[in-house]
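Dear colleague,

Please find below the structure that I am handing over to you. My notes on it follow, for your use when you open the file.

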Amino acid sequence: MKWKNKPQAFDPCQLSIQTGRFVRCVGYSPTGTSVAFGYDNSIEIVNVSTGDTLYTLEGHTGDVNSVAFAPHGKTLASGSSDKTVKLWDAASGSQISSLEGHTDWVTSVSFAPDGKTLASGSYDKTVKLWDAASGSQISSLEGHTGYVNSVAFAPDGKTLASGSDDNTVKLWDSVSGSQKSSLEGHTRAVYSVAFAPDGKILASGSSDETVKLWDAASGSQMSSLEGHTGNVNSVVFAPDGKTLASGSDNKTVKLWDAASGSQMSSLEGHTHYVRSVAFAPDGKTLASGSMDKTVKLWDSASGLQMSSLEGHTSWVYSVAFDPDGKTLASGSRDETVKLWDAASGSQKSSLEGHTDW
């Protein structure tokens with residue numbers, strides 16, 4: 001890729017990365033100096049400051065559905081429709097290992113907080129745990145009877161949650177691989193799971209139009225958050241754990257009190273499905289990405305819209321803040337990744353690229 005600085009009066013996008021492909025997933029390195037994104041069967045790692053492509057990672061033979069950096073930042077994991085998980089050296093871009101064992105698409109990958117274990121969820125109805133250093137399979141967690149859509153580790157790394165098309169959330173002992181509990185209450189597929197920062201509460205979002213809060217220790221349902229009138233695609237806790245955000249096909253983002261389960265506010269402004277939500281590290285700002293081609297920034301205390309970031313020409317599938325909260329990344333079906341100034345939405349610079357193929 002080649003880039004040039006080109007200031008523009010009303011472009012709040014800092015960086016537009018033209019991939020020539022459908023961007024499905026975006027992930028920042030722990031330091032925030034680079035961003036990885038998956039498109040078709042490749043991954044690119046880009047320097048955030050310069051827009052230079054550091055590495056193009058090739059090896060998958062199917063769409064890359066999920067990417068995740070290890071907490072130490074040295075390793076990148078990718079999950080693909082080619083049924084494999086691959087581990088990459090983030091410093092050199094070389095493939096470390098190809099983790100084979102799934103028999104259908106890999107939908108989600110997540111590292112344990114210590115970076116030693118990797119979890120992958122698949123349409124083959126299993127969750128697999130891998131040794132991140134050797135690439136060997138530690139265990140295959142079987143129990144779901146439908147596609148596994150989402151996996152997430154608890155903050156202490158001891159428990160893993162998985163959400164499935166079988167309408168359940170399952171909690172697993174990440175050391176032994178044994179099932180701790182099956183959380184039943186949803187009446188349709190579970191698309192998203194997220195632990196509160198203290199690990200005591202688990203949230204799940206479902207196509208039954210509800211968000212449910214669960215006691216992570218006992219597996220008992222604490223509350224059912226009702227208000228959405230469409231699939232709940234994404235759930236995320238604020239960094240202090242007091243607030244939960246959910247994005248839905250009913251075009252809204254809702255903020256909930258995590259303790260009481262009461263709705264705090266309904267954030268309206270999107271004109272199409274909301275696919276992804278993310279809090280800034282300080283919890284003051286919430287970002288949402290939608291199929292209306294926009295990213296919106298909201299004041300999480302008041303629920304007021306701060307800005308609407310326009311520039312994508314197709315659906316926005318993924319949003320993520322960098323570790324210091326100053327930059328927001330968005331990935332879209334328009335074949336670009338855009339980096340935005342999270343504080344003001346004002347233009348810093350627009351780095352316009354073109355592909356060389």
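**A buried alanine**

Ala 36 is buried, with a relative accessible area of 0%; buried means under 20% relative accessible area, exposed over 50% and partly exposed in between, with a 1.4 Å probe and protein chains only. The model is a predicted one, in which local features need pLDDT of at least 70 and side-chain atom pairs count only at pLDDT 80 or more, while totals for chains, interfaces and linings use all residues. Residues are numbered from 1 along each chain as its sequence is written, and side-chain values use heavy atoms, with hydrogens and water left out.

Ala 36 belongs to strand 3 (residues 34-39). Strands (E, at least two residues) and helices (H or I, at least four) are DSSP runs, numbered from the N terminus. Leaving aside neighbours within four places in sequence, Ala 36 is in contact with nine residues' worth of surroundings that include Cys 25, Val 26, Ile 43, Val 67, Phe 69 and Leu 76; contact means heavy atoms within 4.5 Å. Between the C-alpha atoms of Ala 36 and Thr 53, which are 17 residues apart along the chain, the separation is 9.8 Å.

**The chain as a whole**

The protein chain has 33 strands and zero helices. Of its 357 residues, 59% count as buried. Among contacts between residues at least 6 apart in sequence, 43% join residues at least 24 apart.

**Strand pairing**

Strands 14, 15, 16 and 17 form an open sheet in the order 14-15-16-17, with antiparallel pairing; two strands pair if DSSP finds at least two bridges between them. Strand 14 (148-153) and strand 17 (179-184) are the edge strands, each pairing on one side only. Strand 14 pairs with strand 15 (residues 159-164) in the antiparallel sense over five bridges. Val 151 stands opposite Ser 162 in strand 15.

Elsewhere in the chain, strand 8 (residues 84-89) and strand 9 (residues 95-100) run antiparallel and are joined by five bridges. Lys 86 has Ser 98 in strand 9 as its bridge partner. The two strands, 8 and 9, form a hairpin with five residues between them, and Gly 93 in the turn has a positive phi of about 80°.

**Two polar side chains**

Ser 330 lies in strand 31 (residues 327-332) and is buried, with a relative accessible area of 0%. The side chain of Ser 330 makes polar contacts with the side chain of His 312 at 2.7 Å and with that of Trp 340 at 2.8 Å. A polar contact is a pair of N or O atoms within 3.5 Å; within protein, one must be able to donate a hydrogen and the other to accept it, and residues adjacent in sequence count only if both atoms are side-chain atoms. Not counting residues up to four places away in sequence, Ser 330 also touches others, including Val 26, Val 295 and Thr 336.

Asp 208 is found in the loop between strand 19 (201-206) and strand 20 (210-215). Asp 208 is buried yet has no salt bridge, and the nearest side chain of opposite charge, Lys 212, is 4.9 Å away. A salt bridge is a side-chain nitrogen of Lys or Arg within 4 Å of a carboxyl oxygen of Asp or Glu; as to charge, Lys and Arg count as positive and Asp and Glu as negative, with His and the chain ends not counted. The side chain of Asp 208 does make a polar contact with the side chain of His 186 (2.9 Å).

With kind regards
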